[in-house]
Each structure stands twice: as C-alpha cells, then as structure tokens.
Amino acid sequence: PRSASKARSRSMLSGDSLRRSFRDAVVESSSLPPAERLIMYDACDSQEVSQSLGGSAGYRKRLDARRGNKPKKADNQRDVCTPFDHAAFNFSKISNQREILAVLPEYNILTNRFPLFPGHCLLTAKALVPQQLSATHLSAIVRLVSHSGFSAYFNSWCASASVNHFHCHLIDELPPVAQQRLVSGPRVLGEPTLRPAESSGSCYVFGASQLGLVGRAVSAMQAENQPHNLLFTPLHIYVWPKPMQRPARSFDLYPETVGGPELVGSFTVYTERDFAKLSAAAADELVRINTAPLPERLLSGGDDTRPATAPAAVEAASSSSDESDSEAGPPPKQPRTAVRACQSLDSLSLVKLLRSGSGLDELALPLALSKSCLNRSGGLEVS
C-alpha cells in the first residue's frame, strides 16, 4: 500500500509523477471499504457514461450517480471575501494523511475523493487562508500547470467552492472549452483579450504574458463582491465573472450549481432522466445566464478608477494601468452590491514582479509570446 512518506516534499512536480501518485491511490482505494478510500472511484472508469452534447461548443454530459453521494454543503455563502473560519472544515483537518499525493513548499496536492475529471486532485494551501486568489496563488497555479501539463480550475467563494480554505482543482486534460478556437474579445484596461468562439457566455481569455492583468481583474471582482471561476491551461487563463445572484432559471435546466466544471465544458448529472433531458441548447443557456461582464470600470475606460472604499491593493494597482482604448464601449450593466474590503490579492506586487523580470525563473513562464504562440489551443482570429 502507498504510504504517506511517498508524498515527499519537492520544489516542483512533474505531470508523470503526479499521474503515478494518482493511479496508485486509485488502485489502493479499490480494495478498501468506502470510509477508508483515498479516492471513492476513478471518474473515467467503466461506470462513467459520457456523451458529446453536439453543437459547436463541444460540451459533454456525464452520467455518474456515484458523485451524487458527495456530502452537500449549506448554501449560505454571501461574500466572495469571507474571512477564514478556523472552526469550520479546512484541508489541514483531513483525517487520512495518505490523501496527500505530493508536498510542495507552500502547498499540498490532495486526492479529490469524488472526482469529475481524469486525474482530478486538489492543490491546497498549507497556510490557513480563505478561498481567495492572491498573487502568490496565481503564480503557483501557473507555474504548476506550466510544468505538469495539467489544467486547473478555480471556484471562488459564492461560485461553487464548498471549502473556504484556498484550493484549486487539477485535472489531467485540456477541457472542452479550451479546445475551441479563440477570437478577439473585449479590451480589458486597454489591453486585448481573446474569447472562445463558440461560447455563449462572458469569458475573457488572457495569454500567459498577461498574468498581471488577470490579477487586476480578479482584484476588481473581489472588490465588487462578484463571484468568479477561472481555468488555467499551459498557455491561457480563462476568466468567467458570475452574476451577483444565481439565476432561478438555472435549476430548471440543470440540477446542480453551474461552476468551474460546467464552464470548462463538462456537465455531470446523477440520474438517467436528467442525462436524457440535458441538451446542447440547455448547456449554452446555462453558460450564458451563469456568467456576466467584468466590472464596468475595467472595460469602459481603462483608467481602472476605484471607489474610495476599495482595498489598498486594488487602489495601488490603478497607478500602473495602461492607457485606455477609446473604441472600447461599456458592457451591459449588472446590478452591483456595495464594494467589499478584500485584502487577499496583492496585484501590485505581481505586476512589479512581471515587469521587473526578477521572478521569471520562479514563474517559469515567458513574458513575451507572439499571438500565434499564445493561441496553440485554437486558431487565432482577430476581427
């Protein structure tokens, strides 16, 4: 049997070693009673039913009743920047240390006991910090994805995260949305972005060289209490801002909350009735109604002007904004709640790191990539 000592500390992790650790945990778990399993099942085994939804987006639907046995969390989340609660469950409280597949300097990689994807595991912070992206977390995710070839998705609090301790999901595939061709998208703070050509929702795709801009976008969403989901691939970062309130229509179309798994293109249900009912048109509508534009100040003028109550890190980052694109028009307005103070994202330090070049080795990413290089997961079209 696999022992906890095999999850040895390392500064970086290869994809092959993570895959081996995951497979070993699946094999070990298969002979154990459910309460002792490190992973309840392999998401891609013979019991999974997976089918393309058709349509141009390339989304898929899955039938896997086993996922329905995952314990449900209370739906009482209100603030994206909810403080860490030491009394609640966090990943330092796992009962079986063998769930740790690998140990990194500031993070652990844990099994996901109810996986949805191939090689589905969790990158969790050792520090007891809330489910909020920071400059440190962004750098760590991008570096890990760059080295391992895995993809990663992040659910903010109020956007499908169930544990308020920093974590993101690692998956051993390039998910459907990342296989769509990319076309030009809205300008964010005057900088160009891309978008998936066949996606019906609001999705902003940034190249690896735009990591600082991603940080500023996340910071703005945190400041305005806007839930969000992100996908990290080796070459791109996809950002889905969410509406402030979950659409009631969503549950008429799909029994689960629409979060990272669905936005990256995979819809899992637990009954044959729901599986038969789910269509490509329903998936397109779910993506459309469960996403929303970025905060207007990022899109309309490029000056990144912030209310007086915005957090210091957000305010400081505004001094390094680029000049706006005069042709960029304002997006459709979304109702906004009061600005929340959120200190987790030090985007200014990330911008300085990227511009100085002092952290290039640590990030293990090129800072200047051509458009053709940035778009290897799909053909670039600039309109």
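This section describes the fold, the nonpolar cores, the strand pairing and several individual residues of a predicted model.

The chain has 383 residues, of which 55% count as buried. Its secondary structure comprises 12 helices and 14 strands. Among contacts with a sequence separation of 6 or more, 70% are between residues 24 or more positions apart. The accessible surface of the chain is about 16000 Å², and carbon and sulfur atoms contribute 51% of that area.

In soluble globular proteins, nonpolar side chains tend to be buried together. In the present model, the largest nonpolar core contains 46 residues. Those with the most contacts inside this core are Ile 109, Leu 123, Ile 141, Leu 170, Val 188, Leu 230 and Phe 232. Helix α3, spanning residues 211-223, supplies the largest share of the core, with seven residues. When residues up to four places away in sequence are set aside, Ile 141 touches Leu 123, Leu 133, Ala 152, Phe 166, Cys 168 and Phe 232. A second core, separate from the one just described, has 31 residues, including Leu 116, Tyr 238, Tyr 254 and Val 287.

Val 287 belongs to helix α7 (residues 280-289), where Ala 282, Ala 283, Leu 286 and Ile 289 are also buried. An α-helix has 3.6 residues a turn, so residues three or four places apart point the same way. The buried residues of α7 pack against two helices, α4 (249-253) and α5 (260-263), and against strand β13 (266-269).

Strand β7 (residues 167-171) is mostly covered, with five of its five residues buried. In a regular strand the side chains alternate between the two faces of the sheet. In β7, His 167, His 169 and Ile 171 point one way, while Cys 168 and Leu 170 point the other way; all are buried. Two of these residues also appear in the description of the largest core: Leu 170 is among the residues with the most contacts inside it, and Cys 168 is touched by Ile 141.

Strand β7 pairs with β5 (residues 121-125) in the antiparallel sense, over four bridges. In this pairing, Cys 121 has Leu 170 of β7 as its bridge partner. Strand β6 (residues 151-155) also runs antiparallel to β7 and is joined to it by three bridges. Here Tyr 153 stands opposite His 169 of β7.

A separate description applies to an open sheet of three strands, which has the order β1-β2-β13 and mixed pairing. Its edge strands are β1 (49-52) and β13, each of which pairs on one side only. The twist from one strand to the next averages 20°. Strands β1 and β2 (residues 60-63) run antiparallel and are joined by four bridges. Within this pair, Val 49 has Leu 63 of β2 as its bridge partner. The edge strand β13 is also one of the elements against which the buried residues of α7 pack.

Several residues were examined individually. Ser 199 is placed in the loop between β9 (194-196) and β10 (204-207). Its relative accessible area is 13%, and Ser 199 is therefore buried. Apart from neighbours within four places in sequence, Ser 199 is in contact with Tyr 59, Gln 180 and Val 287. Of these, Val 287 is a member of the second core and lies in helix α7.

Two residues other than glycine have a positive phi. Phi of Cys 158 is near 75°, and this residue lies in the loop between β6 and β7. Cys 158 counts as partly exposed because its relative accessibility is 23%. Phi of Asn 225 is near 55°, and this residue lies in the loop between α3 and β11 (228-232). Asn 225 is buried, with a relative accessible area of 7%.

Leu 101 lies in strand β3 (residues 100-103). With a relative accessibility of 1%, Leu 101 counts as buried. Leu 101 and Arg 19 are 82 residues apart in sequence, and their C-alpha atoms are 9.7 Å apart in space.

Conventions:
Residues numbered from 1 in each chain as written. Predicted model: local features only at pLDDT ≥ 70, side-chain atom pairs only at ≥ 80, totals over all residues. Heavy atoms only, no water. Core = buried A, V, L, I, M, F, W, Y, C linked by side-chain atoms within 4.5 Å. Buried < 20%, exposed > 50% of the residue type's maximum accessible area, 1.4 Å probe, protein only. Contact = heavy atoms within 4.5 Å. Pairing = 2+ DSSP bridges. Areas by Shrake-Rupley, 256 points an atom, 1.4 Å probe, with all protein chains shown as cover. Axes fitted to C-alpha atoms, helices over the stretch in contact; angles between N-to-C directions.
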